[in-house]
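Biologist: I'm new to this one. Can you put it up and walk me through a few spots?
Modeller: Sure, here you go.

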Amino acid sequence: MNEENEIIDDQQDALKKVTGMYKDWFLDYASYVILERAVPAIADGLKPVQRRILHSMKDLDDGRYNKVANIVGHTMQYHPHGDASIGDAMVQIGQKELLIDMQGNWGNLLTGDGAAASRYIEARLSKFALEVIFSPKITDWQLSYDGRKKEPIHLPVKFPLLLAQGAEGIAVGLSTKILPHNFNELLEASILHLKGKKFTLFPDFQTGGIVDVQGYNDGNRGGRVRVRAKIAQRDKNTLVISEIPFSTNTTSLIESIIKANEKGKIKIKKIEDNTSSEVEILVHLPGDISPDKTIDALYAFTACETSISPLGCVIIDNKPHFVGVSEMLKISTDHTVQLLKMELEVHLGELEDQWHYASLERIFIEHKIYRDIETSETWEEVLAAIDEGLKPHIAHLKRKVVEEDLVRLTEIRIKRISKFDQDKAQQKIEALEGDIEEVKNNLNHLIDYAIRYFTHLKKTYGEGKERCSEIRLFDDVDAKKVVVRNQKLYMNREEGFIGTSLRKDEMVCECSDIDDIIVFTQDGKMQVVKVDSKVFVGKHIIHAAVFKKKDSRTIYNMIYRDGKSGASFIKRFAVTGITREKIYDLTQGKAQSEILYFSANPNGEAETVTITLRSSGAIKKLKWDLDFADLQIKGRAVRGNTVTKYGIKKVELKEKGVSTLKPRKIWFDDSIRRLNLDSRGQLLGAFKGDDKLLIATQGTLRAVTPDLNLHFDDHVVYLEKWIPEKPITAVYFDAEKERYFLKRFCLETTDKEDSFMKEGGELLFITFEWRPILEITFEKPRGKNPLPPLEINAEEFIAVKGFKALGNQLTDKKIKSVQLKEALPYEMPEELDLHDIEVQEEAITGADNSQMSLEF
């Protein structure tokens with residue numbers, strides 16, 4: 001019995017709770033992943049695997065390329081993980097094209113193709129890495145994981161490497177995402193910081209693209225960067241994607257475009273990928289699809305626009321800290337200054353040692369102290385004799401003579417003593433003194449020295465590292481405006497149903513699956529519902545259409561009867577904002593109210609209708625005309641003006657009207673290169689429904705209907721409201737005739753881009769003034785006096801001719817520049833102003849007589 005109790009007690013003593021163990025083990029694991037795997041250190045901007053790869057490459061460096069497999073194997077002496085993780089990390093460093101010179105197939109960031117196997121590719125450290133990353137004399141070392149090797153705790157990186165390369169990692173409980181920045185901009189920012197000036201940093205991506213940094217928030221948590229592909233229109237049926245957003249590649253981008261096409265969000269004919277060293281994706285469109293709307297749709301529904309949320313987490317003093325990119329650069333720059341100071345101090349010590357020994361050597365030989373050791377019999381006597389012989393001559397030395405110095409003097413060869421040159425020895429000492437003074441001066445002016453260092457880096461390595469991503473503000477793309485109408489909407493008027501599945505009923509229009517539909521019924525009710533296969537909206541539908549939010553251009557004209565036998569009222573209104581699926585009553589709410597006449601007018605048209613009353617002995621006039629143009633546009637909830645208190649038999653359309661809305665003013669915002677109605681940018685003018693916008697590039701012109709969806713690339717040099725009879729004046733060089741010509745012409749066709757020069761011609765100058773006077777300056781002929789400037793009145797020089805006319809020969813002398821000296825006054829014929837009604841507008845039509853232009 002006693003033995004059993006002893007066994008039970010022993011078992012109870014052996015039991016241990018695992019709660020504490022789990023807690024400790026988890027914290028240890030989390031700390032290890034954060035510090036040793038996922039998050040870079042602020043000191044050198046490297047994760048441990050990256051640091052060990054670079055250290056191994058330095059170990060193996062002999063100026064020649066090494067097999068990556070060999071480097072990976074060597075790195076495994078320091079990194080306690082598999083070769084796959086080391087190889088992948090090395091490829092990522094190489095693809096940044098900063099620290100590693102690569103040879104072989106290292107993959108393609110643009111296409112997403114992976115690198116070849118490590119046994120087939122080679123690498124060596126770049127000149128930049130050798131200069132900036134390594135300095136063994138100021139490096140702190142630690143034992144490797146197995147104690148056999150020494151590895152750096154941090155590499156002495158004298159450059160903001162973390163911000164140049166960027167970093168991304170997921171640890172336990174936190175993550176980091178530091179975006180890459182431009183090489184030259186980082187160096188410029190470091191110089192500004194050292195000068196005590198403010199600086200701003202924005203990301204820059206190897207893949208290029210267009211980046212909107214409004215919400216970057218200095219790379220802190222909560223920030224956001226929007227990146228877009230660079231898309232241009234090659235012709236009316238082809239789009240070209242020449243740069244792609246960060247974190248995408250051509251494969252994933254094309255897949256997203258195909259997926260959007262399959263879902264019906266966009267409509268494309270086919271897509272071609274011609275990417276090699278540069279991105280070229282051709283998107284072919286059907287003939288009936290707008291290229292401008294397709295560009296917006298690509299941004300709205302595909303990976304052509306991505307949103308990136310930065311998160312600046314770094315290791316500082318063995319702890320994770322959340323830091324903005326400006327603070328990271330300041331820390332890195334200040335750390336670089338300290339490293340430069342340490343290097344200068346080490347170098348100063350070395351120079352002083354060299355000066356000390358050179359001075360001792362000169363004394364030893366000049367004063368023939370070596371003869372004093374001839375009678376010495378022991379080593380101690382030799383050292384004592386030398387020490388005694390030096391004493392009268394060492395007062396000017398900067399430190400004491402130690403035994404090590406005496407030993408070095410005994411090692412001087414007889415040949416060196418016999419060929420000793422006193423003048424050369426003195427020159428060497430003076431050169432060392434000059435170097436010492438220079439180093440001391442650099443230490444005393446450390447900030448200036450650091451500025452020169454950063455300037456040297458930019459001058460030496462900055463070429464070819466210009467900014468890749470274009471910084472630009474983005475306009476928000478309204479998905480409903482650019483989505484392809486991939487479905488058809490039907491309605492059953494009597495039963496009160498609308499939907500995409502009612503194919504046996506009346507077709508309303510084409511729509512998309514994200515559209516809203518506005519519906520009006522005979523009893524004066526209105527509501528907006530989302531597109532669906534079948535939705536009940538109320539019996540006796542009189543109108544249904546795709547609803548455009550904030551659309552103040554579409555005006556509804558309505559005549560309704562108030563109650564069963566009440567008076568009739570007329571009203572005009574726009575519907576700009578609503579609550580979806582809420583029923584709105586457009587009458588006064590009495591039972592059996594009824595709409596007698598209704599029309600929807602997309603451009604604010606006002607028609608004339610004929611009112612016919614029911615016959616009654618008390619009524620003298622049973623029929624008259626009513627013009628909606630006489631009525632003001634008000635809110636949808638107003639009662640309206642009284643038409644009659646008698647019963648109306650019918651209302652008939654007598655005459656269709658014209659728009660009663662004022663021409664709308666259009667602006668061009670150069671920051672986003674888009675048209676707008678919000679007074680942003682340069683006013684182009686006021687446009688009516690049939691007015692056109694003139695777009696000029698280098699040698700081509702076209703006139704188009706202004707549309708908020710239009711895109712204007714960097715080739716566009718001039719925009720203005722087009723006046724068909726206004727002449728255009730151009731000076732160009734004809735390569736075939738090798739002569740300069742001046743021509744005046746008018747644009748003859750619209751909606752078609754056409755060149756007014758022969759192929760190969762070079763445009764020197766173009767102006768859209770009515771009566772320009774030009775000043776032409778010439779290149780100085782070799783060995784001759786400069787030619788005087790030539791002044792030409794274009795109106796007198798040549799009459800207005802055809803679009804394709806050659807023009808009049810200007811000169812055969814080489815022109816240096818053409819400038820507009822003066823624009824003679826011209827009075828445009830006045831037009832009668834319409835009696836217009838002011839309405840806030842959103843779509844684009846309409847114009848007045850004002851003429852505004854925009855030149856880039």
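Biologist: How many residues sit between E33 and E34 in their hairpin?
Modeller: Four residues lie between E33 and E34 in that hairpin. In the turn, Arg673 has a positive phi of about 55°. Strands here are DSSP runs of at least two residues (E), helices are runs of at least four (H or I), and both are numbered from the N terminus.

Biologist: Anything I should know before reading on?
Modeller: This is a predicted model, where local features need pLDDT of at least 70 and side-chain atom pairs count only at pLDDT 80 or more, while totals for chains, interfaces and linings use all residues. Residues are numbered from 1 along each chain as its sequence is written, and side-chain values use heavy atoms, with hydrogens and water left out.

Biologist: Back to E33, then. Which strands is E33 joined to by bridges?
Modeller: Five bridges join E33 (residues 664-669) to E35 (residues 682-687), and three join E33 to E34 (residues 674-676). E33 runs antiparallel to E35 and also to E34. Two strands pair if DSSP finds at least two bridges between them.

Biologist: Who faces Phe668 in E35?
Modeller: Gln682 stands opposite Phe668. For Trp667, the bridge partner in E34 is Asn676.

Biologist: And is E33 mostly covered or mostly open?
Modeller: Mostly covered: five of its six residues are buried. Buried means under 20% relative accessible area, exposed is over 50%, and partly exposed is in between (1.4 Å probe, protein chains only).

Biologist: Which way do the residues of E38 point?
Modeller: Tyr718 and Glu720 point one way, Leu719 and Lys721 the other, and all are buried. E38 runs antiparallel to E36 (residues 693-696), with four bridges joining them. One of the partnerships there is Ile695 with Leu719.

Biologist: Switching topic: what's the strand order in the sheet with E10?
Modeller: It's an open sheet of four strands, E10-E11-E13-E12, with antiparallel pairing. E10 (230-235) and E12 (270-273) are at the edges with a single partner strand each, so one side of each has no neighbour in the sheet. The twist averages 20° from one strand to the next.

Biologist: How many bridges hold E10 to E11?
Modeller: Five bridges join E10 to E11 (residues 238-243). Ala232, for instance, has Val240 in E11 as its bridge partner.

Biologist: Which helix lies across E10 and E11?
Modeller: That's H10 (residues 291-301), running at about 155° to E10. Axes are lines fitted to C-alpha atoms, for helices over the stretch in contact, and angles run from 0 to 180 degrees between N-to-C directions.

Biologist: What about H4 and H5, at what angle do they pack?
Modeller: About 120°, with their axes 9 Å apart. That makes H4 oblique to H5, since angles under 35 degrees count as roughly parallel, over 145 as roughly antiparallel, 65 to 115 as roughly perpendicular and the rest as oblique.

Biologist: Which residues meet there?
Modeller: Val68, Ile71, Val72 and Thr75 in H4 meet Asp83, Ile86, Gly87 and Met90 in H5. Contact means heavy atoms within 4.5 Å.

Biologist: Last one: is Ala41 buried or exposed?
Modeller: Ala41 is buried, at a relative accessible area of 7%. Ala41 is in the loop between H2 (19-38) and H3 (48-60). Leaving out residues up to four places away in sequence, Ala41 touches Leu46, Arg51, His154 and Ile315.
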